Amino acid sequence: MATRIDPGAGPEERFFGALLRLFPADFRERFAGEMRTLFRDQQRDARGAGRLAYVRFYWDTCRGLVAAAFREHREILFQDADYALRLMRKDLSFTIVVIAILGMAIGASAAAFMAANAILIQPLPFSGGNHLIHLQQRRPAIGVENMAFSVKEIEDYRSQNRTLDSVVEFHEMTFSLLGGREPVRVDTGVVSANFFRILGVTPLYGRTFMDEDDRPNGRPVLILSYNFWQKSFGGDPNVVGQKYSMNDKEHIVVGILPPIPQFPSEVDVYMPTVACPTRSGDHALHERSWHMMNVYATLKPGVSLAEAQADLNQIAKRLQAAYPDEYPSAKGYEIGLQPLHEELSHDIRPVLVVLAAAVGLLLLLACANVTGIMVSRMLARTRELTVRTILGASRSRILRGMVTEGVMLAIFGGIVGLILAYSSVGLLVSFTSKFTSLASQLSFTPQVIAVCFLLSVACGVVIGMVPSVGVRYTALFTTEGGNAGVSSGISSKTRGALVAAQLAVCVILLVGAGLALRTVLHLQRVDPGFQPSGLLTARLYILNGKHQEFFKELLERTRRLPGVVSAGLASTIPLHDAASDGPVPIEVRETKPIHSSEAKPNPPVIRIVTPDYFRTLGASLLAGRDFNDQDTNDALPVIIVNQHMANHYWPDGSAVGKQVSVSSDKWLPIVGVVSDIRHLGLDQDPVDEMYGSLAESPQAAMSVVIRSSQTSPELGEQLRWIAHDIDPNAVVADVRPMIQVRKEWLSSRRTTAMFLSIFAVVALCITASGISGMMALAVGERKHEIGVRLALGATPGTVILSMMRQALVLMTVGLGVGFGVAWVMSTSMSHLIAGIAPRDAVTFAVSSAVLIAVTTASSFVPLTRIAKLDPVVLLRAE
């Protein structure tokens with residue numbers, strides 16, 4: 001051939017031959033010989049004209065050949081694109097179906113990338129945040145993985161380390177902010193003065209904290225978060241410099257933060273550590289056991305995380321040796337480091353991984369389905385392709401046209417996908433914000449457009465190239481008596497393999513969606529230990545010292561409201577994030593002996609409630625009595641325990657009458673046992689709980705529960721009016737019906753299940769269309785065979801049954817492969833499911849039944865055409 005390079009040719013010939021490879025194959029076949037002859041002649045002339053002319057000749061040759069090759073490829077691309085567009089306009093139904101299938105799959109993939117890129121891939125949106133690490137004190141022997149720091153411990157790690165550049169602290173408090181239209185309860189981040197400086201955060205207005213702000217007797221100052229500034233002040237920049245009262249001190253707003261993710265939690269305002277009354281108190285300043293602060297640090301330049309870990313391990317060992325009472329060896333003591341980005345994305349990472357896997361499978365299924373459609377279309381174009389071959393079109397030119405058509409279809413699908421991805425930004429922000437503060441930086445970026453384009457081109461190459469794989473080895477490019485044909489056997493096998501792959505992918509998506517849906521259904525049916533319907537909740541904060549009087553009058557006046565059945569107070573109520581109650585070590589009398597082989601019960605959580613709280617909530621008193629008005633500070637304190645705790649300590653008898661001590665010199669009798677209440681979450685098992693009376697343990701912040709037949713908005717307004725009438729500075733926050741609280745708690749799992757279910761339904765529809773199309777094409781290809789069999793006496797039912805076997809074989813293969821993969825992958829969803837096993841038999845059985853039903857229906861419907869076929873007409877047509 002003219003394009004082959006002679007093995008004995010010199011380096012110049014070989015170099016010219018390499019440049020010729022830049023041209024399309026058709027062009028080389030036609031012109032390579034002439035171009036090689038011309039090159040030799042011009043080379044001879046240039047060599048005789050001198051060295052400079054020779055170098056210039058080679059430069060001009062290279063530049064000219066590259067430019068010419070580009071023009072040739074561009075011309076062919078334009079021709080193929082124009083031809084592909086004409087084919088797409090000619091068959092609009094095919095075009096619309098393919099674009100819709102690819103658009104949904106590419107759009108879902110782009111949306112998943114958009115979320116993963118913003119939260120898992122992109123660096124934090126403040127310059128210093130990517131070098132920030134979280135210090136975690138651990139007590140491995142008792143299962144404590146993240147114990148807060150005391151001021152003394154912070155001072156030790158700050159002064160003794162050799163690898164940390166800056167050490168800052170953070171803890172969250174809730175205070176009342178006065179001076180606005182009404183008192184507001186604000187979540188307050190208490191931070192070191194250089195907290196924002198090490199992050200590299202520049203305020204939107206004003207300034208951040210300075211060192212003098214964090215010195216004793218410094219002027220109290222505040223910095224507002226962006227969301228709180230927008231919500232409470234309408235984005236007014238003039239709030240900087242305004243004065244507000246907090247903790248009986250006048251505070252000045254000195255700055256407003258930009259819209260950045262907050263960590264470790266979302267707060268409304270920030271204050272320096274010296275302004276926090278708890279942090280600056282004597283106990284916090286001098287007691288090593290006063291743990292309440294989170295600690296963050298930056299590494300010195302050139303220091304690795306492993307080096308910092310080794311350095312801090314030495315400090316931990318010195319502290320354990322110097323203060324054995326504070327760090328007993330029985331509990332263990334370690335220090336751990338975790339990069340901030342990993343911590344902020346920890347909760348959502350497994351969710352995004354599952355969703356990314358789901359959209360990846362959906363994209364794979366869409367490509368398989370469209371490839372099957374392209375195979376069928378190629379068979380329908382056999383005559384056209386044969387004519388083009390006879391007229392001189394080469395194999396590579398035809399294959400290139402097919403790929404161009406596939407890429408064009410995929411690019412249009414990518415445009416649809418971009419529109420869908422852009423439309424999903426709000427939904428993605430709402431969904432991801434339930435897991436991480438990094439959701440605030442999720443947006444439609446150029447990277448999303450680039451990924452969408454790359455996915456479109458990749459899908460286009462696949463759907464254009466795969467259908468033509470078997471063509472290279474068929475008679476398509478050879479002619480015998482002016483006819484050519486495509487091997488239907490190869491095409492049939494290709495279509496069958498594609499359909500089996502679609503079935504396998506569909507099984508995996510169905511199982512994943514089934515597990516997520518079963519989890520939501522289980523959590524909706526699980527007994528929370530209370531009756532949420534007809535229940536209103538709110539959080540109350542009292543600034544003055546008259547807690548008892550306020551709450552007593554509030555309950556009395558609330559109970560007199562029309563429609564109110566009962567009302568009660570609790571330090572924390574179920575499914576609320578405001579929980580402040582924690583486990584407390586206790587001693588128990590008259591309990592069963594605990595053997596060394598048994599797991600020791602965890603310390604119980606202590607909650608403070610009022611009489612009638614359990615009845616209002618809808619919990620059951622199983623034994624003994626409820627609190628009453630005689631349970632006050634003047635009487636012997638009593639407690640009520642939940643059933644879980646009673647079963648732990650007194651499994652063979654009644655807990656009523658037993659005694660529990662929270663200190664060495666004070667034993668509290670148990671007067672009642674209440675049913676278990678799922679305070680921590682519907683997916684969390686009950687824990688040991690003890691309840692004390694509010695009259696015995698006054699609290700400044702309580703949650704109120706009201707059972708009423710009134711509508712919640714009206715009752716909420718009445719509650720606010722009563723609270724402000726008793727104390728104008730009282731803060732009433734988080735007024736919500738318990739039904740709404742439960743719904744919001746379930747919303748993240750519902751949204752995850754919704755996404756997976758949508759993917760599964762789309763996959764099911766795509767698979768059904770693929771099976772139906774394959775069977776319809778099989779009927780068309782085998783009309784002659786069907787006509788012969790019908791003419792020889794076979795019934796339509798017999799023919800349909802024989803052809804159904806093909807679909808059943810594919811279904812068996814697809815189900816087998818799909819269930820095998822789903823069985824292996826299902827364990828990766830263990831963090832997203834609750835109440836069911838990852839390999840739940842019901843989910844696998846229902847998924848199997850659904851897919852079998854859809855496969856059978858999709859196969860049978862096209863085959864019903866056989867009953868309407870006339871064998872005489874079929875044979876005469878042949």
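Buried means under 20% relative accessible area, exposed means over 50%, and partly exposed is in between, using a 1.4 Å probe and protein chains only. I wrote that down first, since I kept needing it.

**Entry 1: ground rules.** I am looking at a predicted model, where local features need pLDDT of at least 70, side-chain atom pairs count only at pLDDT 80 or more, and totals for chains, interfaces and linings use all residues. Residues are numbered from 1 along each chain as its sequence is written, and side-chain values use heavy atoms, with hydrogens and water left out.

**Entry 2: the whole chain.** I found 25 helices and 22 strands. Here helices (H or I, at least four residues) and strands (E, at least two) are DSSP runs, numbered from the N terminus. Of the 878 residues, 49% count as buried. Next I looked at contacts, meaning heavy atoms within 4.5 Å. Among contacts with a separation of 6 or more, 80% are between residues 24 or more positions apart.

**Entry 3: Thr 767.** Is Thr 767 buried or exposed? Thr 767 has a relative accessible area of 2%, so I filed it as buried. I found Thr 767 in helix α21, residues 738-781. Setting aside neighbours within four places in sequence, Thr 767 is in contact with Leu 365, Gln 502, Leu 503 and Cys 506. I also checked Ala 500: its C-alpha atom is 9.3 Å from that of Thr 767, with the two positions 267 residues apart along the chain.

**Entry 4: cysteines.** Cys 506 turned up in that contact list, and I went looking for disulfides. A disulfide is a covalent bond between the sulfur atoms of two cysteines; the cut-off here is a pair of cysteine sulfur atoms within 2.5 Å. My search of the whole structure gave zero disulfides. For Cys 506, the nearest cysteine sulfur belongs to Cys 765 and is 8.9 Å away. Why is the sulfur of Cys 765 not bonded to that of Cys 506? At 8.9 Å, the two sulfurs are too far apart for a bond. Cys 506 is buried as well, at 0% relative accessibility.

**Entry 5: salt bridges.** Side chains of opposite charge can pair when their charged atoms come close. I counted a salt bridge when a side-chain nitrogen of Lys or Arg was within 4 Å of a carboxyl oxygen of Asp or Glu. How many salt bridges are there in the whole structure? The search finds 18.

I picked out a few of them. Arg 86 and Asp 82 meet at 3.2 Å, N to O. They are four residues apart in helix α3 (residues 51-90), so about one helical turn separates them. Arg 86 is partly exposed at 42%, and Asp 82 is partly exposed at 39%.

Glu 744 pairs with Arg 736, and their closest N and O atoms are 2.2 Å apart. Glu 744 is partly exposed at 36%, while Arg 736 counts as buried at 15%. I also noted one network, in which salt bridges with shared partners join Arg 56, Asp 60 and Arg 63.

Then came Arg 557 and Asp 725, whose side chains meet at 2.9 Å, N to O. Arg 557 lies in α17 (residues 547-559) and Asp 725 in α20 (residues 712-726), so this pair ties together parts that are 168 residues apart in sequence. Arg 557 is buried at 17%, whereas Asp 725 is partly exposed at 43%.

**Entry 6: α17 on α20.** That pair sent me to the two helices. Two packed helices are described by the angle between their axes and the distance between the axes. The axes are lines fitted to C-alpha atoms, for helices over the stretch in contact, and angles run from 0 to 180 degrees between N-to-C directions. For α17 and α20 I noted about 140°, with the axes 10 Å apart. The contact is made by several residues, including Phe 550 and Arg 557 of α17 and Trp 721 and Asp 725 of α20. I sorted the contact residues into types: Ala, Val, Leu, Ile, Met, Phe, Trp, Tyr, Cys and Pro are nonpolar, Asp, Glu, Lys and Arg are charged, and the others, Gly among them, are polar. The split is seven nonpolar, one polar and three charged.

**Entry 7: α13 on α15.** Helix α13 (residues 395-423) packs against helix α15 (residues 446-465) at about 145°, with axes 7 Å apart. Among the contact residues are Gly 406, Gly 414 and Gly 417 of α13 and Gly 460 and Gly 464 of α15. This contact has 14 nonpolar residues, six polar and no charged.
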